[in-house]
Amino acid sequence: MPSQACDWERIGRSLDAHGNAVLPALLTAAQCGALAALYAQEKGYRSRIVMARHGFGRGEYKYFAYPLPPLLDRLRHALYPRLAPIANRWNRQLGIDIQYPDELDSFLQRCRQAGQARPTPLILQYGKDDYNCLHQDLYGELVFPLQVAILLSEPGRDFTGGEFVMTESSARGQRADVVALRQGDAVVFTVNQRPAMGRRGLRKVAMRHGVSRILSGHRHTVGLIFHDAR
């Protein structure tokens, strides 16, 4: 899997420092094109969300149904074991008494036992003037604290604007990061909260993510969330 070629030590350091890390060239251009083409299909999804109807921003997205497209299923299973040790270390640092299993299937079984059985991987489509409000993808009481978004479109060719944005909030204030991505790049990032070093030691910071306004063209993204929904 492409995840084997990633520098996981660098990724861990970036997640600790910023709450996000780029996985460059996780997918090829051909893989991105094939996934983006799935959006027009009717089958293979459990629901379609028009964001403006819910106050989420502008644009739309679809949640995949099980079974997931094979490439996304393989990626989800390959990335989770790399991220689980980071998630477990963060929980220890924050004093959260939750230990995530080593393998995704074991974690998904735990989700089902908690009443969370609906798949959360999704594909998003944006056009001109669309955007995604800052938010957290929680879906239930059981939350895996890291997720992955993969950019399927090429900035400057397929669209302009539409940057991936993260904000961090703590007692010390707020800050924002813009994460630059190319087609096929992925960003792994904090779902809701992470530990951060402050002047008095580790502190908890809250994270949100979104997408800035699309200035032209169309932008497609795949989101891989590891906990399922109620």
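**Salt bridges and nonpolar cores in a predicted model**

The side chains of Arg89 and Asp16 meet in a salt bridge, with 3.1 Å from N to O, where a salt bridge is a side-chain nitrogen of Lys or Arg within 4 Å of a carboxyl oxygen of Asp or Glu. This is a predicted model, in which local features need pLDDT of at least 70 and side-chain atom pairs count only at pLDDT 80 or more, while totals for chains, interfaces and linings use all residues. Residues are numbered from 1 along each chain as its sequence is written, and side-chain values use heavy atoms, with hydrogens and water left out.

Arg89 lies in helix H3 and Asp16 in helix H1, so that the pair links parts of the chain 73 residues apart; helices are DSSP runs of H or I with at least four residues, strands are runs of E with at least two, and both are numbered from the N terminus. Arg89, at 26% relative accessibility, is partly exposed, as is Asp16 at 31%; buried means under 20% relative accessible area, exposed over 50%, and partly exposed in between, for a 1.4 Å probe and protein chains only.

Helix H3 also supplies Arg76, whose partner Asp228 sits in the segment after S15, 152 residues away in the chain. Their side chains meet at 2.9 Å, N to O, and both residues are buried. Elsewhere, Arg175 pairs with Asp177, the closest N and O atoms being 2.8 Å apart, and these two belong with Glu168 and Arg194 to a network of salt bridges. The whole structure holds eleven salt bridges.

In soluble globular proteins, nonpolar side chains tend to be buried together. Here the largest nonpolar core has 43 residues, and those with the most contacts inside it include Leu23, Leu83, Phe144 and Val148; such a core is a set of buried Ala, Val, Leu, Ile, Met, Phe, Trp, Tyr and Cys residues joined through side-chain atoms within 4.5 Å. Among the elements that each supply at least two of its residues are helices H1 and H3 and strands S7, S11 and S15, and H3 gives the largest share, ten residues. Beyond its neighbours within four places in sequence, Val148 is in contact (heavy atoms within 4.5 Å) with residues including Leu79, Leu83, Val188, Val222 and Phe226.

Turning to the cysteines, the model has zero disulfides, a disulfide being a pair of cysteine sulfur atoms within 2.5 Å. Cys6 is unpaired because the closest cysteine sulfur, in Cys32, is 14 Å from its own, too far for a bond.
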